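Me: I would like to go through a structural model by question and answer. Please keep each reply brief and reasoned.

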Amino acid sequence: MDQSPPSTPRILAIGECMIEFSPAGEAEAYRRGFAGDTFNTAWYIRQVRPQALVSYLTAIGDDAVSDRFLAFLDETGIDRRFVRQVPGGTMGLYLIALKDGERSFSYWRDMSAARLLAENSRRLDQAMAEADTIYFSGITLAILSDPARTRLFRALERARVQGRLVAFDPNLRPRLWEDAATMRDRTMQAAALSDLVLPSFEDEATHFGDADPQATIARYRAAGTLAVTVKNGPGAVHYLEGAAQGVVEIPAAAEVVDTTSAGDSFNAVYLACLGDEGMTIRDRILAAAAMARHCIGGRGALVPLKDAAVL
Ligand code: ADP
């Protein structure tokens, strides 16, 4: 039986979390963390909604670092019932190199167990049945085999019929896909089966040739999406929600330290506020943008909130 009171949001994020190595100050010393787009969003939702049931669906290995990740989920308060441990597997990894203040990234993710997160349709159905909102991204899709993408799509369609809200961030990363045409095609398929799409304009302009955020909205609307909110760095956020369309100017960031995860933290607050009937879409966008400013004011993907004043 469902024990959650109706006011408790239940959000399921689906994707890959990686091991992160970032420079630790001294030469050749690194700090080990965990990060990945959908995971970052789950983490930020916990920051602003400690009462929410936030679940993460992924696959990891059964080695020591995978066990450490499970402990990290527990410490963060993210539900890990839908984390599959693949015997003999491990997690993907990335390393951040700093040269003259510029960050560059190296990835080792081909062997990541997360590629196996959508092998079992029943498991997907079970996880989705316990959520009100389901969140996934283009990176979630990119790392899967094509049959696994189809399995995930079918499960999302079933969940939607059952009344779940499906939210998708295209997060276009052509290097992770077999080819750019497949990336564009599967992205549009994913958008067509989502209630809400949360793209970033720069990516969309680069890979779909959109002239402006309105063109991004028009393209997703034509695919059948009823709600689209387009992020655009420091620029205004453009939205479509049913019959309503609008533009929300956002305050400038006082200081840009590191933009990693800005969009992920924006999405977190946006999703966390979806059930708040007292909030207009404008309020929701401004709250999401406030979280993104907090995120870019600190180093790394996961910047803890000192208090929940951002909302
Ligand atoms: P992503 O991180 O996915 O590339 P964007 O760069 O579009 O996404 O940024 C996501 C959100 O982060 C924006 O909608 C905005 O709210 C916030 N943001 C990013 N850069 C700035 C900035 N320089 N000043 C204020 N807000 C910013």
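Me: Which residue just after H8 takes a positive phi?

Reply: This is a predicted model, in which local features need pLDDT of at least 70, side-chain atom pairs count only at pLDDT 80 or more, and totals for chains, interfaces and linings use all residues. Residues are numbered from 1 along each chain as its sequence is written, and side-chain values use heavy atoms, with hydrogens and water left out. Helices (H or I, at least four residues) and strands (E, at least two) are DSSP runs, numbered from the N terminus. The positive phi, about 115°, just after H8 belongs to Gly224.

Me: How wide an arc do the buried residues of H8 cover around the axis?

Reply: Buried means under 20% relative accessible area, exposed over 50% and partly exposed in between, with a 1.4 Å probe and protein chains only. In H8 (residues 213–223) the buried residues are Pro213, Thr216, Ile217, Arg219 and Tyr220. They lie on the same side of H8, because the arc, taken from the directions from the helix axis to the C-beta atoms, is only 165°.

Me: Which helices do the buried residues of H8 pack against?

Reply: Contact means heavy atoms within 4.5 Å. The partners of the buried H8 residues include strands S10 (196–197), S11 (227–230), S12 (237–241) and S13 (244–248). The helices among them are H6 (180–192) and H7 (201–208).

Me: How many of the 12 residues of H1 are buried?

Reply: Among the buried residues of H1 are Phe39, Trp43, Tyr44 and Ile45. Helix H1 is largely enclosed by the rest of the structure, because the buried count is 11 of the 12 residues.

Me: What radius of gyration does the chain have?

Reply: The chain has 10 helices and 13 strands. The radius is taken over C-alpha atoms, and the globule rule is 2.2 Å times the number of residues to the power 0.38. For 311 residues that rule gives 19 Å, so the chain is as compact as a globular protein of that length, with a radius of gyration of 18 Å.

Me: Over which residues does pLDDT stay under 50?

Reply: pLDDT is the predictor's confidence in each residue, from 0 to 100. The chain has a mean of 94, and 96% of its residues reach 70 or more. Where pLDDT is low, the predicted coordinates should not be read in detail. The stretch under 50 is residues 1–6.
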